[in-house]
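Me: I want to check the vocabulary used for the model below, term by term. Please set each value against its definition.

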Amino acid sequence: MCALRRSAWIGLALSLIADLGIAAGLAAGVAAAPAGQAAPVPLPVPYIPQIFNQSRCTCSCNGLACPTSCQRTNFNGHNNCGPAAMAMLVEANGRRPPALADRDFVAQLRQAMTGQQDGPCNPPTDWPEIDKGAAAFGLCARDHAKDIGAIQAMTERCLPVIALVSTSPHSFPGLDNPEFHRDQSGTFHDHFIVIVGFSGDTVSYLNPLVFPVPNRGNALRTTSRATMISALQNAQLGDFGRGYGDPIGGCDGVGRCNQSASGSGSGAGAPSGPPAPVFDRIQLSLGHDCSDRRIAIYFKRPEHGSFNERRKVTLEAHPSPGRYVTHVVEMPAIKGWSGTIDAVRIDPVDNHGDNSCLFGLSYALFKSDKDVTGRFYPFYEHAGDIGRPLGRLLGWNARTDRLRDLGPCCEPNGGPRRSWLFEVIGDDPWLENDHVDLVTGRD
């Protein structure tokens, strides 16, 4: 089941990244592929289901809590069609965290979208949460579709589309397991699927709610264009579908998320468009009580063998015990912040150590001066997960064995936020991500 009741649930979603200025339309416009080049049908999107054994609440949830007497085991990943659909796009874009089972990956997407753990009282997700899930894994928002023609145009540019469909058998005959989408009153709810191509009158798609769960080799479903139009038009008013991330079927002429619309070439026939964003700012949300207020940000390109003092920017962050402060650091070209940055290191006390202090980090955001997102790493997503160092699932490693969950705290408006906390005792801890792979927009 993937119920979607927009008016009832949007207000309940936690806006964990509202202060970042991340919105839909992070990368507006997609250039058409060159004439004569066809996108493959279907596009190579891996299938990820939403169906897993999990607890289900058979009575009314109290907020996000389910009374123990009402909990039952259920194989249906309750209201996880949005997270599962986005998980497919994240993996198709090569951004799936390693060594993570499908169920845990879908749960991670739900937390990125809503700020809530996966569980028996999952609320539905809507387009704002889908946008947050894309931003959390560095997938730019490409385009919104108000009709099936716009969806087809995106797939022809090698961009799979998350689409919202009605699950009623009258609207979408042939949809797998329609009974899973009906509540106790008999109402069918809307559902997110991934559309991966058109061939004549046939539409290919992936449905995250299929039982028995298919393997990746036989998960593809097809329907007629007329049926898909009916399913799209009978879902709630709003976008039919949205595209995210980079082209995955080999199309040329479609800009990467962090490059201009003309792609890597600039010869004749390259499409025109707005200038590419320059990702020259790093925004950090942090708090500390260290006497050494210097926080160093090291970076390097693939041709650099190691981090170097010449490629370092220092942030002077005043102590802020008990709260987080947002800092924006400009990365100057004279320091070598150009080309493709493949690795970044953050040193909380700039290599000087401290006798005893605490340093908390909630997120790191790489962006342009227009607030276009290049990379976003929300460390607080993984707080409290036993055995997981800081941001390991987002590609970061921590050099310290004194790392712990800070717990709920510190949001400027008084709301909860989780983060990770360094306990610095006379050593030199640091955080490193050697797979940032950020095209800065500078030559």
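Me: Why does cysteine 158 count as buried?
Reply: Its relative accessibility is 0%. Buried means under 20% relative accessible area, exposed means over 50%, and partly exposed lies in between (1.4 Å probe, protein chains only). At 0%, cysteine 158 is therefore buried. Buried residues make up 55% of the 443 residues in the chain.

Me: What are the ground rules for the numbers?
Reply: The model is predicted: local features need pLDDT of at least 70, side-chain atom pairs count only at pLDDT 80 or more, and totals for chains, interfaces and linings use all residues. Residues are numbered from 1 along each chain as its sequence is written, and side-chain values use heavy atoms, with hydrogens and water left out.

Me: What makes alanine 99 exposed?
Reply: Its relative accessible area is 85%. The cut-off is over 50%, so alanine 99 is exposed. Alanine 99 is in the loop between H2 and H3.

Me: Which sign does phi of alanine 99 have?
Reply: Phi is positive, near 55 degrees, in a residue other than glycine. Cysteine 158 has a positive phi too, near 70 degrees. Cysteine 158 is placed in the loop between helix H5 (148-156) and E4. Most residues other than glycine have a negative phi, and most peptide bonds are trans.

Me: Where is the peptide bond cis, with omega near 0 degrees?
Reply: From valine 41 to proline 42. Proline 42 is in the loop between helix H1 (6-9) and strand E1 (54-57). Another cis bond joins phenylalanine 211 and proline 212, with omega about -5 degrees. Proline 212 is in the loop between strand E6 (202-206) and strand E7 (221-224).

Me: How do you know that arginine 375 has no salt bridge?
Reply: Lys and Arg count as positive, and Asp and Glu as negative; His and the chain ends are not counted. A salt bridge needs a side-chain nitrogen of Lys or Arg within 4 Å of a carboxyl oxygen of Asp or Glu. The nearest side chain of opposite charge, aspartate 437, is 6.2 Å from arginine 375. That is beyond the cut-off, so there is no salt bridge. Arginine 375 is nevertheless buried, in strand E16 (residues 373-378).

Me: Which backbone oxygen lies 2.7 Å from a polar atom of the side chain of arginine 375, and why is that a polar contact?
Reply: The backbone oxygen of aspartate 437. A polar contact is a pair of N or O atoms within 3.5 Å; within protein, one must be able to donate a hydrogen and the other to accept it, and residues adjacent in sequence count only if both atoms are side-chain atoms. At 2.7 Å the pair meets the distance limit. So does the backbone oxygen of valine 436, at 3.0 Å from a polar atom of the arginine 375 side chain.

Me: Why is strand E10 (residues 294-300) called largely enclosed by the rest of the structure?
Reply: Six of its seven residues are buried. Helices (H or I, at least four residues) and strands (E, at least two) are DSSP runs, numbered from the N terminus.

Me: What joins E10 to strand E11 (residues 312-316)?
Reply: Five bridges, and the strands run antiparallel. Two strands pair if DSSP finds at least two bridges between them, so E10 and E11 pair. Alanine 296 has threonine 314 as its bridge partner in E11. E10 also has five bridges to strand E14 (residues 343-347), again antiparallel. Phenylalanine 299 stands opposite valine 344 there, and lysine 300 opposite alanine 343.

Me: In what order do the five strands form an open sheet?
Reply: E11-E10-E14-E20-E17, with antiparallel pairing. E11 and strand E17 (397-398) are the edges: each has a single partner strand, so one side of each lacks a neighbour in the sheet.

Me: Which residues touch the most other members of the largest nonpolar core?
Reply: Met86, Ile162 and Tyr244, out of 43 residues. Helix H2 (81-92) is one of the elements that give two or more residues to this core. H2 gives the most, with eight. A nonpolar core is a set of buried Ala, Val, Leu, Ile, Met, Phe, Trp, Tyr and Cys residues joined through side-chain atoms within 4.5 Å. A second, separate core has 26 residues, including Phe299 and Val436.
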